[in-house]
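Trainee: Please take one part of this model and go through it closely. I would like the salt bridges, and then whatever surrounds them.

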Amino acid sequence: MSEDRDHFDEKLHEKERAEEDVYFARRDRELIAKLRDVKDEEQRQHIRELAYMRCPDCGARLKRVTHYGVTIEECPSGHGMWLTDSEMHTLAKRERNSWIGRYFFRPKI
């Protein structure tokens, strides 16, 4: 009887250790996932800061310039200009006879 009792106690102790192992493994996976998410978010934020307001061709910082009363961003090396939707519409309204005006205000057929 004492042997059965010892065997039962041993099995119960093994089960408890196994449940602890499962608990701690699950907790460790969750902590690692949280750390990975934080690290990924930090890397994404760092990349956003590096790429923000940069020319896609040469990587130079874009500078804000005002042309005809509209502020746009342009590459200092002359690789291009970037406009927001509202800036394009402002220019198109003012320049109805230019290509940009004709693009936004096409004649109705």
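Mentor: Start with the network: salt bridges link Glu41, Arg44 and Arg48. This is a predicted model, so read every value as computed from it. One contact in the network pairs the side chains of Arg44 and Glu41, at 3.3 Å from N to O. The two residues are about one turn apart, because they sit three positions from each other in helix H1. Arg44 has a relative accessible area of 44%, so it is partly exposed. Glu41 is partly exposed too, at 36%.

Helix H1 holds another pair. Lys15 and Glu19 lie four residues apart in it, again about one turn. Their side chains form a salt bridge of 2.2 Å, N to O. Both ends are partly exposed: Lys15 at 47% relative accessibility, Glu19 at 45%.

Now look at Glu14, also in helix H1, which spans residues 2-51. Glu14 belongs to a surface patch of negative charge, together with Glu3, Asp4, Asp6, Asp9 and Glu10. Its relative accessibility is 36%, which makes it partly exposed. Patch members must have over 30% relative accessible area and no salt bridge, so a residue such as Glu14 passes on both counts.

Move on past the helix. Met53 lies in the loop between H1 and E1. Its phi is positive, about 60 degrees, and it is not a glycine. At 18% relative accessibility, Met53 is buried, since the cut-off is under 20%.

Next comes the sheet. It is open, with three strands in the order E1-E2-E3 and antiparallel pairing. Strands E1 (63-67) and E3 (81-82) are at the edges; each has a single partner strand, so one side of each lacks a neighbour in the sheet. E1 and E2 (residues 70-74) are joined by five bridges. Among them, Lys63 is partnered with Glu74 in E2, and His67 with Val70. Two residues separate the strands in this hairpin, and Tyr68 has a positive phi near 50 degrees there.

One more salt bridge needs a look. Glu73 and Arg64 form it, with their closest N and O atoms 2.9 Å apart. What is the burial state of each end? Glu73 is buried, at 9% relative accessibility. Arg64 is exposed, with a relative accessible area of 55%. So this contact joins a buried acid to an exposed base.

The full tally is five salt bridges.

Definitions and conventions: Residues are numbered from 1 along each chain as its sequence is written. This is a predicted model: local features need pLDDT of at least 70, side-chain atom pairs count only at pLDDT 80 or more; totals for chains, interfaces and linings use all residues. Side-chain values use heavy atoms; hydrogens and water are left out. Patches are made of residues with over 30% relative accessible area and no salt bridge: like charges are joined within 9 Å, nonpolar side chains (Val, Leu, Ile, Met, Phe, Trp, Tyr) within 5 Å. Accessible areas come from the Shrake-Rupley method with a 1.4 Å probe; for residues, only the protein chains shown count as cover. A salt bridge is a side-chain nitrogen of Lys or Arg within 4 Å of a carboxyl oxygen of Asp or Glu. Lys and Arg count as positive and Asp and Glu as negative; His and the chain ends are not counted. The place of a charge is taken as NZ of Lys, CZ of Arg, CG of Asp or CD of Glu. Buried means under 20% relative accessible area, exposed over 50%, partly exposed in between (1.4 Å probe, protein chains only). Two strands pair if DSSP finds at least two bridges between them.
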